[in-house]
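Open the model in your viewer and keep the sequence panel beside it. The tour below goes stop by stop, with a selection to make at each one.

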Amino acid sequence: MSQERAVPASAVPLEEISSWPEELCRRELPSVLPRLLSMYQHSDSWIEHIQILKIIVEMFLPHMNHLTLEQTFFSQVLPKTVRLFDDMMYELTSQARELSSQNLEIQSTLRNILQTMVQLLGALTGCVQHVCATQESVILENIHSLPSSILHVIKSTFVHCKNSESVYSGRLHLVADLLQALFKEAYSLQKQLMELLDMVCMNPLIDEHDDILNMVVVIHSLLDICSVISSMDHAFHANTWKFIIKQSLKHQSVIKSQLKHKDIITSLCEDILFSFHSCLRLAEQMIQSDAQDNADYRLFQKTLKLCRFFANSLLHYTKEFLPLLSDSCCTLHQLYLQIHSKFPPSLYAAGISKAQQEEIAGTFLVTLSPLISQLLTFQPFVDVVLDSKLELPCELQFPQCLLLVVIMDELSSRSEDVQALWCTESQVSEATARVSLLKAIFSSFEQCSGELSLPVHLQGVKSKGQAEVAITLYQHVCIHLCTFIASLHPSLFPELDTALLNAVLSANMITSLLAMDAWCFLARYGTAELCAHHVTIMAHLIKSCPGECYQLTNLSILLRRLFFFMAPPQQVEFIQKFPPKETENLLLWQYISFQALPAELRKQTALEVSRAAIAWCMKWIGSNRTLEELESLNTVLSALLAVCNSSGEALDMGQQMAIKEVGSQLSILLNVKLVIGQPYVQQTLSLLLPLLGFFIQALDPQLISQVITLQTSLLKLEPPDHVRLAFLDFLSSLGKLFIPQTIQDRILPSLSSVFASLLADRNWLLEQHSLEAFTQFAEGTTHEEIVPQCLSSEETKEKVVSFLEKTGFVDETTAARVERIKQEKGTFWEPFAKVIQEETKMSSLQPCVKRARHELPSEDEYRSTLQAAIAALEAIELLLQKSPPPDWLLMEMETLQQRIDKLKCQNCSGRKQ
């Protein structure tokens, strides 16, 4: 000992210090440590740096005061250590591309650097182990340089290892052993550091702000490491996340306002999606390998458990920090949509087996499902989901619809306030508005055209004593929508009525149908008085419609359906309120099925409608028969057709003959030019043909011949689709008729020609109805020789055979059909959405009481209109030269002269003004 003391401790060589016993190190610490720290700061050799660091850590660190470690050691050594490590990493990366088995010098240099880095990590591990061993709890401020420095080094190490394939350019095998050692050392160092951080407590006596920031830096540094190691080691990745969540919750009260919650949520969601997509890829591979006990399946299960872990972590974090997650709601919303867009039954889902679907759903999706319940009362989430300007790509539209259905289910058991949050519209900001959930569900449903047409199937509703059956998307939405309506608080009924009415008036047929189904449920679920009130509203809306439009069609269908749910006393009140014997009410009765009425009431009402209609028609036939009255004539004929369709048996023989006579007289008045030139006349013909079909056995054969001849002539001029559809109603009824021998030569050739033309039509709707009408005719007719004549081509014959055998015309695989529907959806949705948007801007649901003021017409518009009138008069002159005029022409000319005189007066008064 006396010899050791002969030389001052401050001058002893490093080699000698490294052999000192523990007691000497403890005693000489005050004099040796400053010298070692000075040498460390000023040394230019990496090897000497590591040697000094190891001596300090292994021999002197155990004797330092743990309360002053930061000031005496960490703050002086660790900054230089981090710089040293960064320098070595830079040198390593810079020279790595020159590595080769022939260049032994570079190989030796790189291996030496890697070995030095491993030793440096080992020294840092010693620091962490010492702190853990000497303290039961650690105040972060006393070691704050240590975690941040170590995390920087760890991240740098993992990044280098992750990128090693590209960094070493195919020569990785020359240093693989040392890279593996480096990774293991960093792995071990992080585990030790997390143990240390688990012992940290926040010191309330020191500057709280610094302590908070230190912990926040630690958590976000670990978050950065997570993004690096996510594809390197799943278990280590999961443990790191577990630690992040644990520390965030442990220090929640003091760090919650400083944490970057959006970064944490975003990273967690990205890892969930990455793991989920990995599961799907593995499941697809298993279909190809067709094995459940191979390595792919074991990896699939392992990855699926990782998905469940991440889902649980997200739920835990979201639950605890929900009030601070307003800027993460969009990310959470997208997470739900992205997951369900890749999972069956989405059109864009991965092709996986039923077994794997059930496994993923039971392990992962079930775990994640409470997320929506947690977010249900959080207004920022409501604003994101119901954003009025939300525009989703095609693959996310179906998941959005499923999400809204899930939300409806959750709301069924919630309070009025929570339901109101979702079901009332709101202006969130000047640029952002929130629509109601009810409006959103119809809008989202409308966007799922591909899923509806395929159709996709979802899990059905279980019922007692019956197996669960898969149901279509339409059934799924309809069932859950009706369930939600049944649970809706009465104060929200105005929002419900508005949403249902807007959807009924939609230009999209399937959306309108869904709203009607929901409204019918409401009619059955509610009181008789409520149903009657809704029927009355429909009636007034129909009467206030300015003319033919799809909205009127939708309202009339709903009125017809709701009328079936009315109680008899309310039906009587409706009849009293809208008496069928008054012609103005035939506008309503044309849409009502008399089958909805009790027998006696049905007979009485049908008689009143038919009497009023027949009287009006006979009066019109005997009058001037102006074109202005054709709209009213069509309404009356439509009412007669409704009686014949739904209550023909209630009419006595006299009334049946009167209706037949009306139809016959009106048919005689029609000709080709009149039908082609006047849309109202086309509608008249479309109503007359099915009306005549009811009395086909009693019709004059000459009239039948005339009608078929008219059809033949019209088909050559390509009449509108609704006219051709009316032809089919009449033609199918001819199957019941025996045509007299005397006129067969006139009727049968024309009949086969009309059928052949309609069966060859390329319009899919006409094609389908043509096949149905021809089949009905062929099964009933006694003129069997005409049937082959209607089949004018082999293609037509094949279509008829396929229809009878109920086989498809196109042989298409399920996968091909899905791809086609996806392409159609992407092609058609965008322009259709623009049309709907424009129609929404242009249309109004209110009756047209007062027209908006238009710009004054220009002189050119006057001139072009007058030239059209002159051309029409010249056409009449030519007709008069070719044939005698009809009886009614003179009266129409007199009416036209009166209108010209009236226009002259208006012109004079306009000039005076």
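In which loop is the place of lysine 806? Select residues 794-805 and 814-842: these are α39 and α40, and lysine 806 sits in the loop between them. This is a predicted model, so read what follows as a description of a prediction.

**Two residues with positive phi**

Stay on lysine 806. Its phi is positive, about 55°, although the residue is not a glycine. Most residues other than glycine have a negative phi. Lysine 806 is exposed, because its relative accessible area of 75% is over the 50% cut-off.

Now go to glutamate 718, in the loop between α34 and α35 (721-733). Glutamate 718 is not a glycine either, and its phi is also positive, at about 55°. With a relative accessibility of 67%, glutamate 718 counts as exposed.

**Serine 705 in α34**

Select α34, residues 701-716, and find serine 705 within this helix. Is serine 705 buried or exposed? Its relative accessible area is 9%, under the 20% cut-off, so serine 705 is buried. Leaving aside neighbours within four places in sequence, show its contacts: Arg746 and Ile747. Then draw a distance from the C-alpha atom of serine 705 to that of leucine 751; the viewer should give 9.2 Å, for two residues 46 apart along the chain.

**The cavity**

Keep α34 on screen and add α33, residues 679-694. How many cavities of 30 Å³ or more does a search of the whole structure find? The search finds one, and its volume is about 50 Å³. To see its lining, select Ser667, Leu670, Leu685, Leu688, Leu689, Leu692, Gln706, Val707 and Leu710. Helices α33 and α34 each supply at least two residues of that lining, and α33 gives the most, with four.

**Helix α26**

Move to α26, residues 550-563. The 14 residues of α26 should span 20 Å at 1.5 Å a residue, and the end C-alpha atoms are 20 Å apart, so the expected and modelled spans agree. Colour the buried residues of α26: Gln551, Leu552, Asn554, Leu555, Ser556, Leu558, Leu559, Leu562 and Phe563. To see what they pack against, add α23 (493-504), α24 (509-525), α25 (528-544), α27 (568-577) and α28 (586-589).

**Two cis peptide bonds**

Most peptide bonds are trans. Two cis bonds are worth a stop. Select leucine 454 and proline 455: the peptide bond from one to the other is cis, with omega near -15°. Proline 455 is in the loop between α21 (449-453) and β5 (457-458).

Then select proline 344 and proline 345, which are joined by a cis peptide bond with omega of about 15°. Proline 345 lies in the loop between α14 (329-341) and α15 (354-368).

**Helix α8**

Next, select residues 176-198, helix α8. Its 23 residues should span 33 Å at 1.5 Å a residue, and the end C-alpha atoms are 33 Å apart, so here too the two values agree. The buried residues of α8 include Leu178, Leu182, Phe183, Ala186, Leu189 and Leu193. Gln190 and Gln192 are also among them.

**The nonpolar core**

Which residues have the most contacts inside the largest nonpolar core? Select Phe60, Phe73, Phe364 and Trp422; the core they belong to has 299 residues. Helix α5 (residues 104-134) gives the most to this core, with 14 residues. Zoom in on phenylalanine 73: apart from neighbours within four places in sequence, the residue is in contact with Leu37, Leu53, Ile56, Val57, Leu61, Met64 and Cys127.

**Two cysteines**

Select cysteine 25, which counts as buried at 1% relative accessibility. Cysteine 394 also counts as buried, at 15%. There is no disulfide to look for, as the structure holds zero.

**The whole chain**

Zoom out to finish. The secondary structure comes to 42 helices and six strands. Of the 913 residues, 48% count as buried. Among contacts with a separation of 6 or more, 75% are between residues 24 or more positions apart.

How values were computed: Residues numbered from 1 in each chain as written. Predicted model: local features only at pLDDT ≥ 70, side-chain atom pairs only at ≥ 80, totals over all residues. Heavy atoms only, no water. Disulfide = S-S within 2.5 Å. Buried < 20%, exposed > 50% of the residue type's maximum accessible area, 1.4 Å probe, protein only. Core = buried A, V, L, I, M, F, W, Y, C linked by side-chain atoms within 4.5 Å. Contact = heavy atoms within 4.5 Å. Expected span 1.5 Å × (residues − 1). 1 Å grid on protein atoms, 1.4 Å probe; cavity = no way out; pocket = protein on both sides within 12 Å on 5 of 7 lines; lining within 4 Å. Points joined across faces, edges and corners; volume = space filled by probe spheres on them.
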